[in-house]
Amino acid sequence: MASVKKLNPNADITRSSHALLMNISAAKGLQSVLRSNLGPKGTMKMLVGGAGDIKLTKDGNILLHEMQIQHPTASLIARAATAQDDITGDGTSSSVLIIGEALKQCERFLSENVHPRVLADGFDAARAVALKTLDAVKLEKTVDKELLLSVARTSLRTKVPQKIADQLTEIVTDAVLCIQQPDLPLDLFMVEVMTMQHRAATDTRLVKGLVLDHGPRHPRMPTKLENCHILTCNISLEFEKSEVNAGFFYRSAAHRQELADAERKFTDLKVKKIIELKREVCKPGEGFVVVNMKGIDPVSLDMLANENILALRRAKRRNMERLTLSSGGSAVNSEEGLTPDVLGFAKEVTVHTLGEEKFTFVEGVANPRSCTILIKGPDGHTIAQIKDAVRDGLRAVKNTVEDKCVVPGGGAFEIAAHRALMAEFAQMKGRTKLGVQAFADALLIIPKTLAANSGFDPQDTIISLMEEHADGHCVGVDVYTGEPFDPDMEGVYDNYRVKRQQLQLSSILASQLLLVDEVMRAGKSA
C-alpha cells in the first residue's frame, strides 16, 4: 500500500492480521451489546438522545437504528442486520449474535495460522447443509387462526411484557385476517396504527373500521351517530380564488351584494345537493357523515350542522382510501356523482375529544378490508414500545400466511442444524471442515443465550438439548424451567423466511469480514 501512502499520506491503513482482529473485535463488541436482549426473558436497553430524550427497548432493529456506531465493521454488520428486518420483519439480534460468534470461533483457528479463505469456504459448505436442515425441520401446517396466534405470541413475547404481548396477539392476528383477501397479496398498509396517550397499555384494541385523527370543526355537529350513511368525497365546499387575476367593478352596494350572493350560491348549491341526498336515504334513527378531502367553509359547516350531519374536512388521503375499503361505497369527485350507491355504511360513528385533539371512530362496518389498531398508553415510552412490537407482530403473521409453514422455536432448529453440520464435518476431508465446525458451534449461541438470559446454566442446557435430539426429539429451551420442551406442542414457532435469511446473511457477511486483509480509512489530502 505504499502507492496509497504516496497519493494520500494522511490515509489510515490497518493491515493483515491487525485488520482481521479489528473486524472480529467489532463483531464481538456488537454481539455483547445485543446478547442480553434475546428472547422473552431478555433485558432492555435505555437509549438517551442528544436532547435528553429517552427510549426503552429490547428490539434489536430499533437499537441498531438508534445507536451511534462509529466503528466501520460494526456499522456494516448493523446495516446488514437492519436490512434483514426491513425484508422479513425480525431476526436482527439473532443475525448479529451468529455473525459475532462465527468470527469468535474462527479466532482460534486463525491463531493457528489457518488461512481465512479456508474458513470462508467452510462457511459456504455449512450454509448449504444448514439450509437443507431448515427445509427438513420446517413444519408444513394448515394456516388457521390458532397457528397465527402461536406465531404472533412467540414474536410479541420477545418485545413486550407477557401480559401485554398476550393481548396484542389477538389484536395483530385479527387485523391480518381482517385485511386478508383470497388470491391477493397481503398489504399491511391497510392496517392503520393509531396512538392515543390515554389510559393504560392494556386498553389497546382493534377497531374493525377506521379511526381518524381529526373531528368536526363545528360546535353544533353531533358527536355520536348510529346506522350512518358515509359520503366520502373530494369536493370543495368553500370559496375558491380565481386562477387568474381578475377585478370586479360594481355600481352600487346592491350590485356588490348580488355579486357576493352569486359567488356564495355556487358553493351553497353543492351543499344543498348533499343535504338532499341525506334526506333521500336517511330514515328516522339513521345518521349521515361527510368526509371531505378538501375544505368546508364556516357557512357550509353551519348548513350541514342544521341538518344534523357530521362533516369532517381536509381528511388525509390515506384515510380516504381506507375509509372506502372499511365502510364500502366509493369516493366522489364531483357533486354530479352524488347518488345513494356511492355511500358507505357504519353502525356507529363517534367523536372522542382528548385534550385539544379529536378522534373520529368509524365502527361496525359490514365487510372491512381495512382496520385500525388503536394503541393507548400512559406515556410516550410505552406507546413507542408497543408500536414497535405491533409492527413486528404483523410482519410475523404475514410471513406465516405467505410461507404456509413454520420452524420450531426456542433454539430447536439451531440444535438440529448443529447436529447436521457435525455429521457433515465427520464425513468431510480437508481443512475446509474447520469452517463447518466453526459455523456449527456459532449456531449454538442462540440456545445458549436464551438459557443464560433466563437465568439457567448454558452448558447444562445445551447438553440436555443435544441428548434429547440424539434420541430423535426436536426440542428447544423452555425459558421458564430451563428444561427441553417440544415447541410444536407448546406453540412456539419462528418464521421460515426469517431463519432462511438469517442463515444466508450471517454466513455470507462473516465470510466477507474474514477475507478483509486491509482497512483503509481515507484521510484529507495535505
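The questions and answers below go through parts of a predicted model.

Trainee: In what order do the strands of the open sheet of 6 strands run?
Mentor: Strands of a sheet pair through backbone hydrogen bonds, either parallel or antiparallel. In this open sheet the pairing is mixed. The edge strands, β7 and β10, each pair on one side only. The order is β7-β12-β11-β8-β9-β10.

Trainee: What is the average twist from one strand to the next?
Mentor: The value belongs to the open sheet with β7 and β10 at its edges. From one strand to the next, the twist averages 35°.

Trainee: How many bridges join β11 to β12?
Mentor: Strand β11 covers residues 344-354 and strand β12 covers residues 357-363. One of the bridges has T350 facing its partner F361 in β12. The two strands run antiparallel, and the number of bridges is 7.

Trainee: At about what angle to β8 does helix α11 run?
Mentor: Helix α11 takes in residues 317-327. It lies across β7, β8, β9, β11 and β12. Its angle to β8 is about 125°.

Trainee: Is N292 buried or exposed?
Mentor: N292 is in strand β9, residues 287-292. Beyond residues up to four places away in sequence, N292 touches several others, including C233, L312 and M320. Buried means under 20% relative accessible area. N292 has 0%, so it counts as buried.

Trainee: Which residue forms a salt bridge with R317?
Mentor: The two residues are 4 apart in helix α11, so they are separated by about one helical turn. R317 is exposed at 58% relative accessibility, and its partner is partly exposed at 40%. The N to O distance is 3.4 Å, and the partner is E321.

Trainee: How far apart are the closest N and O atoms of R127 and D124?
Mentor: Both residues lie in helix α6, 3 residues apart, about one turn of the helix. R127 is buried, with a relative accessible area of 16%, whereas D124 is partly exposed at 34%. They form a salt bridge, and the closest N and O atoms are apart by 3.2 Å.

Trainee: Which residues outside its neighbours within four places in sequence does V137 contact?
Mentor: V137 lies in helix α6, residues 116-137. At 15% relative accessibility, V137 counts as buried. Its contacts beyond those neighbours are P408, A416 and C474.

Trainee: What is the bridge partner of V407 in β17?
Mentor: β14 pairs with strand β4 over 2 bridges, in the antiparallel sense. β14 also pairs with β17, residues 493-495, in the antiparallel sense over 3 bridges. In β17, the bridge partner of V407 is D494.

Trainee: Which residue forms a salt bridge with D494?
Mentor: D494 is partly exposed at 22% relative accessibility. Its partner is buried at 5%. The closest N and O atoms are 3.7 Å apart, and the partner is K499.

Trainee: Which elements give two or more residues to the nonpolar patch?
Mentor: The patch has an area of about 430 Å² and is made by M44, M46, V48, I54 and L56. M46, in strand β2, is exposed, with a relative accessible area of 53%. The elements that give two or more residues are β2 and β3.

Key: Residues numbered from 1 in each chain as written. Predicted model: local features only at pLDDT ≥ 70, side-chain atom pairs only at ≥ 80, totals over all residues. Heavy atoms only, no water. Buried < 20%, exposed > 50% of the residue type's maximum accessible area, 1.4 Å probe, protein only. Contact = heavy atoms within 4.5 Å. Pairing = 2+ DSSP bridges. Patch = residues over 30% accessible without salt bridge, like charges linked within 9 Å, V, L, I, M, F, W, Y side chains within 5 Å. Areas by Shrake-Rupley, 256 points an atom, 1.4 Å probe, with all protein chains shown as cover. Salt bridge = Lys/Arg side-chain N within 4 Å of Asp/Glu carboxyl O. Axes fitted to C-alpha atoms, helices over the stretch in contact; angles between N-to-C directions.
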